[in-house]
Amino acid sequence: MAGTFLNLSDDDQEEPQVPKIGAGLKRKKKSSRPRADAEAVAAAGRANGFNRSTDTAQPSSAPRRGRPPLNEDMTYWRIYVSSDLRNQLNELRDKEGRRLNDVLADMLVAYQNGKVT
C-alpha cells in the first residue's frame, strides 16, 4: 500500500527513475579565478587613506574613560552640530582624556555661572 489511496496495482512499488534534486550540481565544474595581487590592493587602499596593516594601533596620548558606570543614568540624544564645533569638542575631549558628557556638563555649569552675574 505504498501507492496512492485505493490503487490496487502492484506497479507503483518501484520508485520512478527521476533524477534527485541538486544532482546536477555535483557535476558542475568550477571555473578558476586568478588570485588578486595583494600589493596592488594595498597600494589602492593606501591611495584612499586605508591601511591594511595588522600592526597594533598607537595608543593615544590621553586615553578617554570608557563607558559610564552602570549606576549612572544615561540617555541617547542625537543632535546636529557644525563640523567645526564637533572637531573642537572632540579635540578638547581627547586632550583632557574625559568623556564628551563630562565636557558638556562642565560647559553648562560655566554657562550658568556666567549668566548669574
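How many salt bridges does the structure hold? The structure, a predicted model, holds 4 salt bridges. Some of them appear in the close-up views below.

**Figure 1. Overview of the chain, a predicted model with 4 helices and 0 strands**. From the N terminus on, the order of elements is α-α-α-α. The chain has 117 residues, of which 9% count as buried. Its accessible surface amounts to about 12000 Å², and carbon and sulfur atoms contribute 54% of that area. Among contacts with a separation of 6 or more, 53% join residues 24 or more positions apart.

**Figure 2. Packing of helix 3 against helix 4**. Two packed helices are described by the angle between their axes and the distance between the axes. Here the axes of helix 3 and helix 4 come within 9 Å and cross at roughly 105°. This angle falls in the range of 65 to 115 degrees, and the two helices are therefore roughly perpendicular to each other. On the side of helix 3, the residues in the interface are Leu89, Leu92 and Arg93. They meet Leu100, Val103, Leu104 and Met107 of helix 4.

**Figure 3. Surroundings of Leu100 in helix 4**. Helix 4 covers residues 100–116, and Leu100 is placed in this helix. Leaving aside residues up to four places away in sequence, Leu100 touches Leu89 and Arg93. Both of these partners belong to the helix 3 side of the helix 3 and helix 4 contact. Leu89 and Leu100 are 11 residues apart along the chain, and their C-alpha atoms are separated by 7.5 Å. Is Leu100 buried or partly exposed? Leu100 counts as partly exposed because its relative accessibility is 30%, while buried would require a value under 20%.

**Figure 4. Salt-bridge network of Glu96, Arg98 and Asp106**. Arg98 takes part in two of the pairings shown, one with Glu96 and one with Asp106. In the pairing of Arg98 with Glu96, the N to O distance is 2.9 Å. Between Arg98 and Asp106, the closest N and O atoms are 2.5 Å apart. Together, Glu96, Arg98 and Asp106 are linked in a network of salt bridges. Arg98 has a relative accessible area of 22% and is partly exposed. Glu96, with a relative accessible area of 41%, is partly exposed. Asp106 counts as partly exposed at 41% relative accessibility.

**Figure 5. Salt bridge between Arg99 and Asp102**. The side chains of Arg99 and Asp102 meet with an N to O distance of 3.3 Å. Are Arg99 and Asp102 buried or exposed? Both residues are buried. In the network of the preceding view, by contrast, Arg98 is partly exposed, as are Glu96 and Asp106.

**Figure 6. Nonpolar surface patch that includes Val81**. Which residues make this nonpolar patch? Trp77, Ile79, Val81 and Leu85 make the patch, with an area of about 430 Å². Val81 lies in the loop between helix 2 (38–47) and helix 3 (83–96). The relative accessible area of Val81 is 40%, so this residue is partly exposed.

How values were computed:
Residues numbered from 1 in each chain as written. Predicted model: local features only at pLDDT ≥ 70, side-chain atom pairs only at ≥ 80, totals over all residues. Heavy atoms only, no water. Buried < 20%, exposed > 50% of the residue type's maximum accessible area, 1.4 Å probe, protein only. Contact = heavy atoms within 4.5 Å. Patch = residues over 30% accessible without salt bridge, like charges linked within 9 Å, V, L, I, M, F, W, Y side chains within 5 Å. Areas by Shrake-Rupley, 256 points an atom, 1.4 Å probe, with all protein chains shown as cover. Axes fitted to C-alpha atoms, helices over the stretch in contact; angles between N-to-C directions. Parallel < 35°, antiparallel > 145°, perpendicular 65-115°, else oblique.
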